[in-house]
Amino acid sequence: MDVTITVRVCDICKRRDRNATRYTLTPDEGEPRQRDLCDEDAAAVLAVFVEDVEKVSEDDSADSSAPQEPAAKKAPAKKAVAKKATRRPRRTPVRTMEEIEAEKKAKAEQS
């Protein structure tokens, strides 16, 4: 039995811990291009459409009989400051047999 697992990651930050959404962008006189973007990296693209959605919703609310408050604009997501990872070296110390035997002898004398 074959099992295929597909993980969609952001094309910009390549982080696997964030959900990515596929967007199809079509420039004027160009071919459509697909990009997988996390919410943080897609904020600039989504900000373009937020204004259009708000204008449409304002027009719809003007036609309805019940007055509604306009939707509040969301600020684009701020990028988190990357923390420096402090890593310990993961190498196994290289010692000679004489050094190991001397260490064993010193531990035996202490106890």
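Contact means heavy atoms within 4.5 Å. This is a predicted model, where local features need pLDDT of at least 70, side-chain atom pairs count only at pLDDT 80 or more, and totals for chains, interfaces and linings use all residues. Residues are numbered from 1 along each chain as its sequence is written, and side-chain values use heavy atoms, without hydrogens and water.

**Exercise 1.** Find what arginine 18 is in contact with, leaving aside neighbours within four places in sequence.

*Solution.*
- Start with its place: arginine 18 lies in the segment before strand E1 (20–25). Strands are DSSP runs of E, at least two residues, numbered from the N terminus.
- List the partners: Arg8, Cys13, Cys38 and Glu40.
- Look at the side chains: those of arginine 18 and glutamate 40 share a polar contact of 3.2 Å. Such a contact is a pair of N or O atoms within 3.5 Å, and within protein one must be able to donate a hydrogen and the other to accept it; residues adjacent in sequence count only if both atoms are side-chain atoms.
- Add a distance: aspartate 39 is 21 residues from arginine 18 in sequence, yet their C-alpha atoms are 8.2 Å apart.

**Exercise 2.** Name the residues of the largest nonpolar core.

*Solution.*
- Set the rule: a nonpolar core is a set of buried (under 20% relative accessible area, 1.4 Å probe, protein chains only) Ala, Val, Leu, Ile, Met, Phe, Trp, Tyr and Cys residues joined through side-chain atoms within 4.5 Å.
- Read off its 5 residues: Cys10, Tyr23, Leu37, Cys38 and Ala42.
- Follow cysteine 10: beyond four places in sequence, its contacts include Leu37 and Cys38.
- Put this in context: 11% of the 111 residues count as buried.

Note on methods:
Helices (H or I, at least four residues) and strands (E, at least two) are DSSP runs, numbered from the N terminus. Buried means under 20% relative accessible area, exposed over 50%, partly exposed in between (1.4 Å probe, protein chains only).
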